[in-house]
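Subject: Structure handover

Hello,

Here is the structure I promised. Please open it next to this message. My notes follow below.

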Amino acid sequence: MSDGRQASSAARRVLRPRTWRRWARLANFAGYDGAELDDATIGAGVRLSPTVSVRNGSRVTIGAGSHIGQGSCLWAGDASGSITLGDHALLGPDVFITASNYDFDAGPGPVMDLPKREADVVIGANTWLGTRVVVLPGVTIGDGTIVAAGAVVTRDLPPDSVAAGVPATVVRRRGASS
């Protein structure tokens, strides 16, 4: 193919509406997921995957030296629920932490139209949440605690423990032989 034909073909691809729709979707996705991160309080040396999603960032605090894996989502409440990660918190890929949940017992009708229950979430210092851990509103995870991949944390976990399961329960203390 001659240089003129190649340039003409490339120009046609760039001018297609489908190409511009794809670029618009990509720009919207990047802005939607990352925009509220600017409102969060982030300590020194924090490392975030570019695919981390933050909602209601003004109520999110990430401690110094923390690492947050790809696809993770920190979803603070719309009105009051906050999320605090201590220093050196390690979140694996696809971790979901929320400080807000629908009050599905508040009445009939579509769940999305019902009020929300919000409660602060605190993840202590030197913690590790494995891949696809889910942390629900009102939970405190103590300093030094490890949560196994796939666990769903529905209630507080004490410091220096190892927890696993759905719902997450303490399986042993850190430093103890297994």
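Start with T61, which stands opposite T84 in β7. Please keep in mind that this is a predicted model.

**The parallel sheet**

β4 and β7 pair in the parallel sense, over three bridges. They belong to an open sheet of five strands. The order is β1-β4-β7-β12-β15, and the pairing is parallel. Which strands stand at the edges? β1 and β15 (140–141) do, and each pairs on one side only.

**The mixed sheet**

There is also an open sheet of seven strands. Read across, the order is β2-β5-β8-β13-β16-β18-β19. The pairing here is mixed. β2 (47–48) and β19 (169–173) stand at the edges, each with a single partner strand, so one side of each has no neighbour in the sheet.

Look at the end of that order with β16, β18 and β19. β16 (residues 146–147) and β18 (residues 161–164) pair in the parallel sense, over two bridges. I146 stands opposite V162 in β18. V147 stands opposite A163, also in β18.

β18 and β19 pair in the antiparallel sense, over four bridges. V162 comes up again here: its bridge partner in β19 is R172. The two strands form a hairpin with four residues between them. In that hairpin, G165 takes a positive phi near 105°.

For the overall count, the protein has two helices and 19 strands.

**The core**

The largest nonpolar core holds 30 residues. Which of them touch the most other members? They are L74, L85, I97, L129 and V135. The elements that give two or more residues to this core are β4 (60–62), β7 (83–85) and β12 (121–123). These three strands also appear in the five-strand sheet.

L74 is a good residue to click on. Set aside its neighbours within four places in sequence. L74 is then in contact with S53, V54, R55, V60, I62, I68, I83, L85, L91 and I97. Two of those contacts, L85 and I97, are on the list of core residues that touch the most other members.

**Rings and charge**

R55, one of the contacts of L74, has a ring to look at as well. R55 lies over the face of W75, at 5.3 Å from the ring centre. What about aromatic pairs? A search of the whole structure finds zero.

**A44**

Now go to the loop between β1 (41–42) and β2, where A44 is found. Is A44 buried or exposed? A44 is exposed, because its relative accessible area is 62% and the cut-off for exposed is over 50%. A44 still has contacts further along the chain. Not counting residues up to four places away in sequence, A44 touches A64 and G65. A44 and G65 are 21 residues apart in sequence. In space they are 6.3 Å apart, C-alpha to C-alpha.

**Whole-protein numbers**

- Of the 178 residues, 35% count as buried.
- The protein exposes about 10100 Å², and carbon and sulfur atoms supply 56% of that.
- Among contacts between residues at least 6 apart in sequence, 21% join residues at least 24 apart.

If you have only a minute, view the β4 and β7 pair, then L74 with its contacts, then the β18 and β19 hairpin.

Best wishes

Technical notes: Residues are numbered from 1 along each chain as its sequence is written. This is a predicted model: local features need pLDDT of at least 70, side-chain atom pairs count only at pLDDT 80 or more; totals for chains, interfaces and linings use all residues. Side-chain values use heavy atoms; hydrogens and water are left out. Rings of Phe, Tyr and Trp (its six-membered ring) pair if their centres lie within 6.5 Å; planes under 30 degrees apart count as stacked, over 60 as edge-to-face and the rest as tilted. A charge sits over a ring if NZ of Lys or CZ of Arg is within 6 Å of the ring centre and within 35 degrees of the ring normal. Two strands pair if DSSP finds at least two bridges between them. Buried means under 20% relative accessible area, exposed over 50%, partly exposed in between (1.4 Å probe, protein chains only). Contact means heavy atoms within 4.5 Å. Accessible areas come from the Shrake-Rupley method with a 1.4 Å probe; for residues, only the protein chains shown count as cover. A nonpolar core is a set of buried Ala, Val, Leu, Ile, Met, Phe, Trp, Tyr and Cys residues joined through side-chain atoms within 4.5 Å.
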